[in-house]
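Here are three short exercises to work through with the model open beside you. Try each task before reading its solution.

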Amino acid sequence: MSDRAVQDTVIRALADAPYRASREWRALALTDPTRFERFARFLARHFYHERLVHFFKYSRALARVTGRRPEAVLTSGGFDALLPTAVLGSRATARAVAALAVDHVQPAGARQSISYLGDLLQYEQAMMVVEAGPRVWRDAGKGERGREEGVAPELVEGTVLLDLAYDLPAVLPRLLQPWTEVPQAPPQHVKLLVARSPHGRVTVARADTAVASVVALADGRKTLPELAREAGFSSDDLEATLASLADLGAVRFATGS
């Protein structure tokens with residue numbers, strides 16, 4: 001193996017617990033397995049500490065009421081149980097860690113003083129999961145054909161449409177400001193689209209009926225005329241909606257559709 005290959009293999013082993021347990025990795029005998037595993041678990045806690053602090057920052061702001069900080073789950077038995085299967089940066093591991101945080105932050109009775117806590121945790125969990133997964137590090141200039149009539153738009157994997165009972169965007173900025181009484185969110189039905197660009201930028205946008213319809217129907221098989229007909233849109237309205245969703249990273253027009 002070249003020096004670069006050794007480096008890449010070690011990095012993969014640090015991030016990928018199933019690979020560390022594989023016969024392929026063990027056969028290389030590059031390091032002391034006990035010390036290496038200890039360091040890999042240290043990195044995993046550090047990696048998910050940063051993500052929990054960032055994506056669950058509103059729950060952290062409410063800790064003086066709930067008594068629960070999301071990152072506390074990283075020292076729990078539940079997180080320890082995840083480590084043998086954890087792959088840093090994967091959507092599956094992000095979903096599992098976020099679920100631990102949600103269960104931890106939502107103790108019995110917390111919703112009595114924070115009516116929108118369930119919606120908030122659903123939102124924070126979606127943000128953390130959507131951000132995870134593979135991404136494009138370098139543009140190759142291929143893979144998109146544009147909005148041609150025969151091309152079928154498809155929803156990008158990981159895109160989430162949240163159906164909430166409270167207007168979270170109205171309260172989120174206030175949670176991060178000084179407050180003595182818990183800021184309240186207006187009880188109002190809100191749909192939020194959470195999407196990620198190929199390069200990893202996560203965006204949240206309010207979704208109207210048009211956006212919700214396209215998200216539900218864009219399956220990679222329906223052409224633009226078929227999609228317009230089923231959604232009840234004019235061609236111009238559909239083009240405008242698809243353009244906005246494509247800019248967010250929620251839909252794509254893949255080669256070979």
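Contact here means heavy atoms within 4.5 Å. The model is predicted, so local features need pLDDT of at least 70 and side-chain atom pairs count only at pLDDT 80 or more, while totals for chains, interfaces and linings use all residues. Residues are numbered from 1 along each chain as its sequence is written, and side-chain values use heavy atoms, leaving out hydrogens and water.

**Exercise 1.** Find which residues G158 touches, not counting residues up to four places away in sequence.

Step one: look in the loop between β1 (154-155) and β2, where G158 is found; helices (H or I, at least four residues) and strands (E, at least two) are DSSP runs, numbered from the N terminus.
Step two: list the partners beyond four places in sequence, which are R91, V130 and V194.

**Exercise 2.** Decide whether G158 is buried, partly exposed or exposed.

Step one: recall the cut-offs, where buried means under 20% relative accessible area, exposed over 50%, and partly exposed in between (1.4 Å probe, protein chains only).
Step two: G158 has 21% relative accessibility, so G158 counts as partly exposed.

**Exercise 3.** Work out which helix gives the most to the largest nonpolar core.

Step one: a nonpolar core is a set of buried Ala, Val, Leu, Ile, Met, Phe, Trp, Tyr and Cys residues joined through side-chain atoms within 4.5 Å.
Step two: the largest one has 40 residues, and F56, L62, Y116 and L120 have the most contacts inside it.
Step three: elements that each supply at least two of its residues include α4 (33-55), α10 (117-131) and β3 (187-196).
Step four: α10 gives the most, with eight residues.
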